[in-house]
Every structure is written in structure tokens, then in C-alpha cells.
Amino acid sequence: MPLAVRTAPTVIESETPAIIEAMVRPPHGDFDDDGDIEQNDLALFVATLIEPEAHPDLIVIADTNGDGSANGEDIPEFTRIMIDCQP
Ligand SMILES: [Ca+2]
Ligand SMILES: [Ca+2]
């Protein structure tokens with residue numbers, strides 16, 4: 001009689017948390033949530049980089065390179081996003 005081979009159940013991780021996070025997270029660079037990146041957003045981006053502790057809720061929006069912090073390393077990607085949003 002052959003021995004039964006037991007395998008560990010396959011764990012399928014739900015993608016739901018990532019989807020929810022993407023839905024509630026504002027788009028990178030769109031600080032005023034109006035769907036575009038323009039001068040108001042630029043002013044808030046700069047303000048957040050200069051004094052992130054004064055704008056803790058804006059850090060996630062200013063973090064255009066997605067490394068978890070808002071600093072000068074986000075400038076190239078913010079610039080690219082802003083240029084892409086120009087008509
Ligand atoms: Ca905007
Ligand atoms: Ca960053």
C-alpha cells in the first residue's frame with residue numbers, strides 16, 4: 001500500500017490590502033487632489049521637502065520615488081510627473 005504524501009496547503013495571499021491602499025492613497029504629486037499637477041502642487045511639494053515635519057500628511061504624496069520619505073531624491077520623479085501632466 002503506497003504511503004499518502006501530505007503537502008502543506010498552498011497559502012494564497014490576498015491582493016486586497018494592496019488594492020485598498022492604492023484606492024485610498026492620493027496620486028503622487030497631486031497635493032490638492034484635483035487630478036493634475038500644477039503650481040499649487042509644486043508649492044506644496046517644495047513646502048513638504050523643506051519642512052516635512054510640518055506636513056506629515058503630505059509626505060506620502062511628496063514621496064514620488066516611493067522610498068517612504070520626502071526629500072530631494074523625489075525631485076526628479078516629481079519633475080517628470082509635472083512635465084507629463086502639462087497639456
Ligand atoms: Ca493638483
Ligand atoms: Ca521619497
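Let's start with a word we'll need throughout: a residue is buried if 20 or more other C-beta atoms lie within 10 Å of its own, exposed if 12 or fewer, and partly exposed in between, with C-beta atoms placed from the backbone. What you have here is a predicted model, in which local features need pLDDT of at least 70 and side-chain atom pairs count only at pLDDT 80 or more, while totals for chains, interfaces and linings use all residues. Residues are numbered from 1 along each chain as its sequence is written, and chains are lettered from A and ligands numbered from 1 in the order in which they are written.

The protein chain has four helices and zero strands (helices are DSSP runs of H or I with at least four residues, strands are runs of E with at least two, and both are numbered from the N terminus). Of its 87 residues, 15% are buried.

How far can you trust it? The predictor's confidence in each residue, from 0 to 100, is called pLDDT. Its mean over the protein chain is 80, and 70% of the residues reach 70 or more. Among the elements, α2 has the highest mean, 96, and helix α1 (residues 16-24) the lowest, 49. Over residues 19-23 the pLDDT is below 50, and this stretch has zero contacts beyond near neighbours in sequence (a contact means that two C-beta atoms, placed from the backbone, lie within 7 Å). Where pLDDT is low, the predicted coordinates should not be read in detail.

So look at α2. Its buried residues are Asp41, Phe45 and Thr48. They cover an arc of only 65 degrees around the axis, which puts them on the same side of α2 (the arc is taken over the directions from the helix axis to the C-beta atoms). On the other side of α2 you'll find Gln39, Ala43 and Ile50 exposed. The cover over the buried residues includes α3 (59-62) and α4 (75-84).

Phe45 also belongs to the largest nonpolar core, together with Phe31, Ile61, Ala62, Ala70 and Phe78. Such a core is a set of buried Ala, Val, Leu, Ile, Met, Phe, Trp, Tyr and Cys residues joined through C-beta atoms within 7 Å. Leaving out residues up to four places away in sequence, Ala70 touches Thr48, Leu49, Pro52, Ile59, Ala62 and Asp63.

Last stop: Asp36, in the loop between α1 and α2. Asp36 counts as partly exposed because it has 14 C-beta neighbours inside 10 Å. Not counting residues up to four places away, Asp36 touches Asp30 and Cys85.
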